[in-house]
There are 2 protein chains.
Amino acid sequence: MSKKNAFYAQSGGVTAVINASACGVIQTARKHRDRIGKLYAGRNGIIGALLEDMIDTSKESAATIAALRHTPGGAFGSARYKLKGLEENRAEYERLIEVFRAHNIGYFFYNGGGDSADTCYKVSQLSRKLKFPVQAIHVPKTVDNDLPITDTCPGFGSVAKYVAVSTREAGLDVASMAETSTKVFILEVMGRHAGWIAAAGGLAGQTRAEAPHIILFPEIPFEKRAFLRRVKECVTAYGYCVVVVSEGAAYKNGRFLADTGTVDAFGHKQLGGVAATVARLVRDAHGYKYHYAIADYLQRSARHIASKTDVDQAYAVGKAAVEMALQGENAVMPTIVRHADKPYRWTIGMAPLSRVANREKMMPRRFITPDGFGITAACRRYLAPLIRGEDYPPYRDGLPKYVKLKGIAVAKKLGTRFVL
Amino acid sequence: MSKKNAFYAQSGGVTAVINASACGVIQTARKHRDRIGKLYAGRNGIIGALLEDMIDTSKESAATIAALRHTPGGAFGSARYKLKGLEENRAEYERLIEVFRAHNIGYFFYNGGGDSADTCYKVSQLSRKLKFPVQAIHVPKTVDNDLPITDTCPGFGSVAKYVAVSTREAGLDVASMAETSTKVFILEVMGRHAGWIAAAGGLAGQTRAEAPHIILFPEIPFEKRAFLRRVKECVTAYGYCVVVVSEGAAYKNGRFLADTGTVDAFGHKQLGGVAATVARLVRDAHGYKYHYAIADYLQRSARHIASKTDVDQAYAVGKAAVEMALQGENAVMPTIVRHADKPYRWTIGMAPLSRVANREKMMPRRFITPDGFGITAACRRYLAPLIRGEDYPPYRDGLPKYVKLKGIAVAKKLGTRFVL
């Protein structure tokens, strides 16, 4: 049988380093031209496969592919598009296999979080049933850091660094103005269900007196009175109070502090505005002058302040995914295995997708201080290495030089149209 | 007469590079110990002088002072405290002179924006009347870039770079997700009356297709219908739309798009929430999924992505202020004089405070495209050199190493207490 082609797609929210994983996949595939034919990428993620709209990565120069390593966003386009269960919508999976068969695709590299790990697993299962073998390898990516087994998820370290650096910088700003101006500053960060990103803000300070003074985690039910008391204590003791709040912060009954009432394609509630909610609580209770920032997409696209550790790991899982495919693996995900905290030593491991799909890794309670407002020494030991090292992109005229693909389409082979 | 001491204070909103100016002042004063005695700094700005609460900078090591160059925030503390007019509150000015007299202070370096230029000018005038000569030199600083005469204001170039870089990065993020997710992204930036910071976002894109697609300036009255039409055009043409909006964006009748109804110590309205307002307009009209970020203090404290040009200029005006004082100048401000755009060539000039105080430099209309939503080539020529060059701070364990002063107080000499 002729050598197989490969398919790569980005899924879900993009990160500052997801293209570094793509770079790892493509460069490694190019080194094995004897065994892997063309590498196609889905335009806009898995939708590109369903619509048979694929980008021929072989048309991109080596320099372009190398520049993916320092380019944020999803260079091929990503999608918030969750394939339903096999029973509910078998047609979608069959269509994928149909497209893979038409283009002689034997390797499927899917770069995403928990939902895409699940999809990847199902593709692998179905391909066996349909007698068109596809080796499905999941390439981990999520700023939420909530995939199981792996020490961390590529994308997280760079958001963590952004949040820690920004908290330290804004903290200095607020400290210097607090005597006559803003006393309470609130930084809203991502993290729907897990407080990993908010926790990273805690790395900014070395002592209790330094920002951030309060972290609000999704894992800890929000108690208004305890929070407001703590704000007052901080303003009294230090002159100001910096709060890092996760978008997923919620009351005991599960209601989010800010709930816009709309849902995204994955059925997740679309959140926003928790910072404003917290600010109003502080103003109404204490009358302190406040300011708030909402980092939103800035935090996950901030390649200019990416963690070198994170970039290296993002590249490494992409590279490992191809190597695993070549070793005949299927339905697996490369993982980061931690061997030591300081200095951080890690290697690449491998996890079966059956153990990855649909499992979320929450912050352990022992990573959060007893009062629920800070991170413990154990948490610092875990987080600290993940933000280590700088990996600046090249600049031209004061701006980072990010690459844009030619994005030349693969000629369609199927006469059929697929309706999403 | 014995050699005079000097007094330095930071005023108003701090920046990523105001301490670089302090570094320039202190290092230059230290080079002239034959003519300048001790350099005292106001703790929390001018309040430190009024309360006779001053920091003895001679107790800080050379390494600490050098590290101010890469430390954001106001290391000595700043204040939003505007001295009233001489007629309204002569007591405050007399108190300043009383403290200066008690501590043999003959040089007053005031590091701030338009309001502090005015204060600086009045101190100079009054010291003459009270027969205690003080040479008052204003050191320009403001992220708003609204001081007259000078080519730019130290602090602005770094905010401009932060906003341009962030807009480019978030733009790539949104572009890659737009097919199935967020179609409109809004970034709220500072700038109460002048749109300089919002304009800097325009540097992120090279073509009309690239982010940002729309900039909302305070100078251009907001027209809802034209704005919403443009948003739709962009989403149709490019698949998404990135908007940079100034906090000072306002309707034709002068009402801000977001007005919290509170005022700060300078009597300025405290703004916030324009991004949410704009997002709601988009959602209600078109139903597009949106996200918004509010950069708030992150933008003006982001020393990690400071403009090298800005850092150099901030240092240079601090140095020049001391040199001007030694040349006998009084009631003046060092300025940046532009000689060429590309490559950018600049030197230090000097402006009399009588021509600086209480005058705001607005964006010229010719810097804004006829439709009011973008920047012109002339604006790019002006802005581009100001963000050029990177000047990374040193890092330890993945975080920038910022310095903290010992902040040892100067012994009080006056028995009197002053009530603010």
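Guide: A crossover is right-handed if, with the strands pointing away from the viewer, the path from the first strand over the helix to the second runs clockwise. The model discussed here is a predicted one.

Visitor: Which elements of chain B make a right-handed β-α-β unit?

Guide: The unit consists of E4(B), helix H5 (residues 114-129) of chain B and E5(B), and its hand is right. Strand E4 (residues 105-112) of chain B pairs with E5(B) in the parallel sense, over six bridges. To locate the pairing on the structure, one may start from Tyr110(B), whose bridge partner in E5(B) is His138(B).

Visitor: Is strand E5 of chain B largely enclosed or exposed?

Guide: A residue counts as buried if 20 or more other C-beta atoms lie within 10 Å of its own. Six of the six residues of E5(B), residues 135-140, are buried, so the strand is largely enclosed by the rest of the structure. Gln135(B), Ile137(B) and Val139(B) point one way from the strand, while Ala136(B), His138(B) and Pro140(B) point the other way; all are buried.

Visitor: How should the packing of helices H8 and H9 of chain A be read, and what is the angle between them?

Guide: Two packed helices are described by the angle between their axes and the distance between the axes. Helix H8 (residues 224-238) of chain A packs on helix H9 (residues 274-286) of chain A at an angle of about 70°, and the axes are 11 Å apart. H8(A) and H9(A) are therefore roughly perpendicular to each other. On the side of H8(A), the contact is made by Lys224(A), Leu228(A), Val231(A) and Lys232(A). H9(A) contributes Leu281(A), Val282(A), Ala285(A) and His286(A).

Visitor: What turn lays chain B on chain A?

Guide: A turn of 180° with a shift of 0.0 Å along the axis lays chain B on chain A, with an RMSD of 0.0 Å. That is the relation of a two-fold axis. The same surface serves both copies, as 100% of the contact residues of chain B recur in chain A. Of the residues of chain B, Ile294(B) comes closest to the rotation axis, with its C-alpha at 2.4 Å.

Visitor: How many residues of chain B are in contact with chain A, and which elements give two or more of them?

Guide: In chain B, 57 residues are in contact with 57 residues of chain A. The elements of chain B that give two or more residues to this side are helix H6 (156-177), strand E11 (290-294), helix H10 (296-301) and strand E15 (399-400). The largest share, 13 residues, comes from H6(B).

Visitor: Which backbone features deserve attention?

Guide: Most residues other than glycine have a negative phi, and most peptide bonds are trans. In chain A, the peptide bond from Ala211(A) to Pro212(A) is cis, with omega near 0°. Pro212(A) is found in the loop between helix H7 (196-201) and strand E7 (214-216) of chain A. In chain B, the bond from Lys342(B) to Pro343(B) is also cis, with omega near 0°. Pro343(B) lies in the loop between strand E12 (332-341) and strand E13 (344-352) of chain B.

Visitor: Where do Asp296(B) and Asn358(B) lie?

Guide: Asp296(B) lies in helix H10 of chain B, and has a positive phi of about 45° although it is not a glycine. Asp296(B) is buried, with 25 other C-beta atoms within 10 Å. Asn358(B) lies in the loop between E13 and helix H12 (377-383) of chain B. Asn358(B) is not a glycine either, yet has a positive phi of about 60°. Asn358(B) is exposed, with 10 other C-beta atoms within 10 Å.

Technical notes
Residues are numbered from 1 along each chain as its sequence is written. Chains are lettered from A and ligands numbered from 1 in the order in which they are written. This is a predicted model: local features need pLDDT of at least 70, side-chain atom pairs count only at pLDDT 80 or more; totals for chains, interfaces and linings use all residues. Copies are superposed by least squares on the C-alpha atoms of residues with pLDDT of at least 70 in both. Two residues are in contact if their C-beta atoms, placed from the backbone, lie within 7 Å. A residue is buried if 20 or more other C-beta atoms lie within 10 Å of its own, exposed if 12 or fewer, and partly exposed in between; C-beta atoms are placed from the backbone. Helices (H or I, at least four residues) and strands (E, at least two) are DSSP runs, numbered from the N terminus. Two strands pair if DSSP finds at least two bridges between them. Axes are lines fitted to C-alpha atoms, for helices over the stretch in contact, and angles run from 0 to 180 degrees between N-to-C directions. Angles under 35 degrees count as roughly parallel, over 145 as roughly antiparallel, 65 to 115 as roughly perpendicular and the rest as oblique.
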